[in-house]
Amino acid sequence: MTFTDPPCPLSPIHNLPLPSPSRFSHLYRPNHQGKTVVLGIEGSANKVGVGVLCYDPETETYQTLSNPRKTYVSPVGCGFLPKETSWHHQAHVVALVRAALNEAYPDDDSPQRHLSAIAFTLGPGMGGPLRSCAIAARTLALLWKLPLVAVNHCIAHIEMGRVATSAADPVVLYVSGGNTQVIAYSDGRYRIFGETIDIAVGNCLDRFARVVGLSNDPSPGYNIELEARKHTNDTPLKFVDLPYVVKGMDVSFSGLLTFIEELTKSKHFVRDGPTENDEQFTIADLCYSLQETIFAMLVEITERTMAHCGQSSVLVVGGVGCNKRLQDMLELMVSDRGGTLCAMDHRYCIDNGAMIAQAGIFGLQYGSESMCVKGVEGTDCRQRFRTDQVEIVWRPKTRGKHS
């Protein structure tokens, strides 16, 4: 069962006034209760999720009714490959759709009758997993005669975060296994102010976890976090100097990863401890040092974006965004500037179906021509699909303070 959160009001996020459904009657219709309900399917990487999200016009709120997901966990020392991940998603997506609908409407024998549309991840992501979930979405849309809404994965993370935390116009730090971007909204699009120039932060963490043999269950990044948490005031871990690579507004992790991988081959590396001298270091020492270094890089470019845009709030999204140490470091920086940090836990930071439904319902309600696809045409998945390629029709086209 999904933990049910209270409804989230629309007004705090300062979107454009919501158009009447009659204006876009050619795209969708509210259900028999007058509510707009969207089922979202996410499967861009190793997680497949299905979420049901409802908009209630009487209370002007959005609520996640269900949000189950399954994770493909690869063997220790291995990453997840497209073919095996696709098989995993194909094996679980139907059961997840059934579970999501039954949880959202437990006393209804035909819960699909409540739906107004099907939303799915168009990209970016891994080709095989994306296509597996897109085929499921197309099939359901044809079977139930519902419109399809194609969603950018990055936009979904942002909009889920804005609604869940009531963040109207934050600087966004988007950190995950496949993406690392600092983003701010301006003139109808989310603009990328800084990003990784090679691998994503989550990919860096995952690959190091594989090198030192940490489990992929529930995720390698989380197991690095657990190792780093061994650092306390009473039992401090050793900080190992690592390359700190910030280039203007961008960051680089590939050289840092190579450097720390080489450290594990050093004679000073003691896998599990205890260490016998000051030159030796353990897995926990390296995990702690890696987190401190890369998170400091991310905080630096986030603060620079805040200063440039004149913003006082930061929203952190993506799978790495639920790391407690990253949230603590961002909180210190933001509070020093008199601002607020907007953060979520693993339910909404990690890839999930509800975030696809959230972005999808915005596209549907505001009549986004690029998102509301006609038939199955225009549903070809896009492995490369940048955040700034999507026109955000639900927010005012005001220019940011940096313009």
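# A guided tour of the model

Glutamate 262 and lysine 265 form a salt bridge, with their closest N and O atoms 3.4 Å apart. Select this pair to begin. Keep in mind that this is a predicted model. Colour by accessibility if your viewer allows it. Glutamate 262 is partly exposed, at 45% relative accessible area. Lysine 265 is exposed, at 63%.

## Other salt bridges

The structure holds 14 salt bridges in total. Select lysine 397 and glutamate 391 next. These two form a salt bridge, and their closest N and O atoms are 3.1 Å apart. Lysine 397 is exposed, with a relative accessible area of 53%. Glutamate 391 is partly exposed, at 32%. Now pick Asp5, Asp345 and Arg347 together. Salt bridges with shared partners join these three residues into one network.

Move to glutamate 225 and arginine 229. This pair also forms a salt bridge, with the closest N and O atoms 2.8 Å apart. Is glutamate 225 buried or exposed? Glutamate 225 counts as buried, because its relative accessibility is 4% and the cut-off for buried is under 20%. Arginine 229 counts as partly exposed, at 41%.

## Helices H5 and H7

Stay with glutamate 225. Two packed helices are described by the angle between their axes and the distance between those axes. Show H5 and H7 as ribbons. Their axes lie 8 Å apart, and the helices pack at an angle of about 105 degrees. H5 and H7 are therefore roughly perpendicular to each other.

Turn on the side chains at the contact. From H5, select Ile224, Glu225, Glu227 and Ala228. From H7, select Ile283, Ala284, Cys287, Tyr288 and Gln291. Sorted by class, the contact of H5 with H7 has six nonpolar residues, one polar and two charged.

## The cysteines

Cysteine 287 belongs to that H7 side of the contact. Does a search for disulfides help here? How many disulfides does the structure hold? The count is zero. Cysteine 287 is in no disulfide, and the nearest cysteine sulfur, that of cysteine 204, is 11 Å away. Cysteine 287 is buried, with a relative accessible area of 0%.

Jump to cysteine 381 and cysteine 133. The sulfur of cysteine 133 is the closest cysteine sulfur to that of cysteine 381, at 8.5 Å. That is too far for a bond, because a disulfide needs the two sulfurs within 2.5 Å.

## Helix H4

Return to cysteine 204 and select helix H4, residues 201–211. Which residues of H4 are buried? They are Val201, Gly202, Cys204, Leu205, Asp206, Phe208 and Ala209. Now show what surrounds them. The buried residues of H4 pack against two strands, S8 (171–175) and S9 (180–186). They also pack against helices H5 (220–228), H6 (254–263) and H7 (283–309). Step past the end of H4 to glycine 213. Just after H4, this glycine takes a positive phi of about 80 degrees.

## Helices H3 and H10

Select H3 (residues 153–165) and H10 (residues 353–365). Their axes come within 8 Å and cross at roughly 90 degrees. That makes H3 roughly perpendicular to H10.

Add the contact side chains. H3 brings His153, Ala156, His157, Glu159, Met160 and Val163. H10 brings Ala354, Met355, Ile356, Gln358, Ala359 and Phe362. By class, the contact of H3 with H10 has eight nonpolar, three polar and one charged residues.

## Glutamate 195

Go to strand S10, residues 189–195, and pick glutamate 195. Glutamate 195 counts as partly exposed, at 21% relative accessibility. What does glutamate 195 touch, leaving out residues up to four places away in sequence? Its contacts are Thr180, Gln181, Met249, Asp250, Val251 and Arg386. Select aspartate 250 from that list. The C-alpha atoms of glutamate 195 and aspartate 250 are separated by 4.9 Å, although the two are 55 residues apart along the chain.

## Last stop: proline 68

Select the loop between strand S4 (61–66) and strand S5 (69–71), where proline 68 lies. Proline 68 is buried, with a relative accessible area of 15%. Add glycine 49. It is 19 residues from proline 68 along the chain, and the two C-alpha atoms are separated by 5.8 Å.

Notes:
Residues are numbered from 1 along each chain as its sequence is written. This is a predicted model: local features need pLDDT of at least 70, side-chain atom pairs count only at pLDDT 80 or more; totals for chains, interfaces and linings use all residues. Side-chain values use heavy atoms; hydrogens and water are left out. A salt bridge is a side-chain nitrogen of Lys or Arg within 4 Å of a carboxyl oxygen of Asp or Glu. Buried means under 20% relative accessible area, exposed over 50%, partly exposed in between (1.4 Å probe, protein chains only). Axes are lines fitted to C-alpha atoms, for helices over the stretch in contact, and angles run from 0 to 180 degrees between N-to-C directions. Helices (H or I, at least four residues) and strands (E, at least two) are DSSP runs, numbered from the N terminus. Angles under 35 degrees count as roughly parallel, over 145 as roughly antiparallel, 65 to 115 as roughly perpendicular and the rest as oblique. Contact means heavy atoms within 4.5 Å. Ala, Val, Leu, Ile, Met, Phe, Trp, Tyr, Cys and Pro count as nonpolar, Asp, Glu, Lys and Arg as charged, and the others, Gly among them, as polar.
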